[in-house]
Amino acid sequence: MKQNALLVSAIIIGLAATTLLSRTIDAHRTGNPGQFAEEPLYVSAPTAKRLSLAFNGLASDWYWMRSLQYVGGKIVAYEDTHEG
């Protein structure tokens, strides 16, 4: 019983810390520079559907990973040019 109470309190403390951290980050957020402006997608939705050949889950996972790599590359390039 004592172990369950510790686990529940750890979860509650973690959720409270997450909420406070999220609010703090949102309050101190700066605007996005022009480098991160929206760019057109390199594959339109109908084209992606035809290319997936009914492997929708696999295609969505691939597209998500490519999106993460794209955004990550932009962030790394931005940090490299704005060091110091």
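Ala59 sits in helix α3 of this predicted model. Its relative accessible area is 24%. Because buried means under 20% and exposed means over 50%, Ala59 counts as partly exposed. Lys49 lies 10 residues away from Ala59 along the chain, and the C-alpha atoms of the two are separated by 8.4 Å.

Ala59 and Lys49 also appear together in the lining of the second largest pocket. This pocket has a volume of about 210 Å³. Besides these two residues, the lining includes Val43, Ala48, Leu51, Ser52 and Asn56. Ser60, Trp62 and Tyr63 are lining residues as well.

Which helices supply at least two residues each to this lining? They are α2, which covers residues 45-52, and α3, which covers residues 56-81. The largest share comes from α3, with five residues. Sorted by class, the lining of the second largest pocket holds six nonpolar residues, three polar ones and one charged one. Lysine counts as charged, so the charged member of the lining is Lys49.

Now consider the protein as a whole. How many helices and strands does the protein have? There are three helices and zero strands. Read from the N terminus on, the order of elements is α-α-α.

The surface can be described in a similar way. Of the 84 residues in the protein, 4% are buried. The protein exposes about 7700 Å², and 66% of this area is supplied by carbon and sulfur atoms. Ala59, at 24%, is not among the buried residues, because the limit for that class is under 20%.

Key
Residues numbered from 1 in each chain as written. Predicted model: local features only at pLDDT ≥ 70, side-chain atom pairs only at ≥ 80, totals over all residues. Heavy atoms only, no water. 1 Å grid on protein atoms, 1.4 Å probe; cavity = no way out; pocket = protein on both sides within 12 Å on 5 of 7 lines; lining within 4 Å. Points joined across faces, edges and corners; volume = space filled by probe spheres on them. Helix = DSSP H or I, 4+ residues; strand = E, 2+ residues; numbered from the N terminus. Buried < 20%, exposed > 50% of the residue type's maximum accessible area, 1.4 Å probe, protein only. Areas by Shrake-Rupley, 256 points an atom, 1.4 Å probe, with all protein chains shown as cover.
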